[in-house]
Amino acid sequence: MKLPIICPSCDHTLNVSQMKCPDCGTNVNGDYELPVFLKLNREEQDFIMNFFLSSGSIKEMAKQAELSYPTMRNKVDDLITKINQLKK
């Protein structure tokens with residue numbers, strides 16, 4: 001099941017209020033903001049994971065996706081812009 005990150009009523013980012021240990025049943029309650037990485041959509045998270053696993057090589061990412069280097073560079077720049085906006 002995918003973790004919901006956007007409120008279905010008002011489109012704002014959701015916070016985490018409860019977590020549970022599946023092993024011992026301990027519950028932790030509070031009001032915790034999601035880390036920036038989890039505020040990204042699944043495609044953006046996958047992109048970052050693939051970028052990391054390719055040792056941060058835009059050239060390698062472009063090769064794997066069969067895209068030009070400038071196109072991949074633009075994708076990285078767009079993601080950097082989005083992350084900077086989420087950090088505010």
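Accessible areas here come from the Shrake-Rupley method with a 1.4 Å probe. The model under discussion is predicted.

Q: What is the accessible surface of the protein chain, and what percentage of it belongs to carbon and sulfur atoms?
A: The total accessible surface of the protein chain is about 7000 Å². The share of this area that belongs to carbon and sulfur atoms is 55%.

Q: What pattern of helices and strands does the protein chain follow along the sequence?
A: The chain contains 4 helices and 2 strands. Read along the sequence, these elements follow the pattern β-β-α-α-α-α.

Q: Is the protein chain more spread out than a compact globule or not, and what is its radius of gyration?
A: For 88 residues, the globule rule gives 12 Å. The value for this chain is well over that figure, so the chain is more spread out than a compact globule. The C-alpha atoms fill a box of roughly 45 × 35 × 20 Å along the principal axes. The radius of gyration is 17 Å.

Q: What percentage of the residues of the protein chain count as buried?
A: A residue counts as buried when its relative accessible area is under 20%. Of the 88 residues in the chain, the portion that meets this condition is 17%.

Q: How many disulfides are there?
A: A disulfide requires two cysteine sulfur atoms within 2.5 Å. The cysteine sulfur closest to that of Cys 10 belongs to Cys 7 and lies 3.7 Å away, which is too far for a bond. Cys 21 is likewise in no disulfide, as the nearest cysteine sulfur, that of Cys 24, is 3.7 Å away. The count of disulfides is 0.

Q: Are Cys 10 and Cys 21 buried, partly exposed or exposed?
A: Partly exposed residues fall between the 20% limit for buried and the 50% limit for exposed. Cys 10 has a relative accessible area of 43%, and Cys 21 has 27%. Cys 10 is therefore partly exposed, and Cys 21 also counts as partly exposed.

Q: Where is Ser 54 found, and which residues beyond its neighbours within four places in sequence is it in contact with?
A: Ser 54 lies in the loop between α2 (42-53) and α3 (58-65). Its relative accessible area is 9%, so Ser 54 is buried. Beyond its neighbours within four places in sequence, Ser 54 is in contact with Glu 60, Met 61 and Gln 64.

Q: How far apart do the centres of the positive and negative side chains lie?
A: The protein chain has 11 positive and 11 negative side chains. The centres of these two sets lie apart by 3 Å.

Terms used
Residues numbered from 1 in each chain as written. Predicted model: local features only at pLDDT ≥ 70, side-chain atom pairs only at ≥ 80, totals over all residues. Heavy atoms only, no water. Buried < 20%, exposed > 50% of the residue type's maximum accessible area, 1.4 Å probe, protein only. Contact = heavy atoms within 4.5 Å. Rg over C-alpha atoms; globule rule 2.2 N^0.38 Å. Lys, Arg positive; Asp, Glu negative; His and termini not counted. Charge placed at Lys NZ, Arg CZ, Asp CG, Glu CD.
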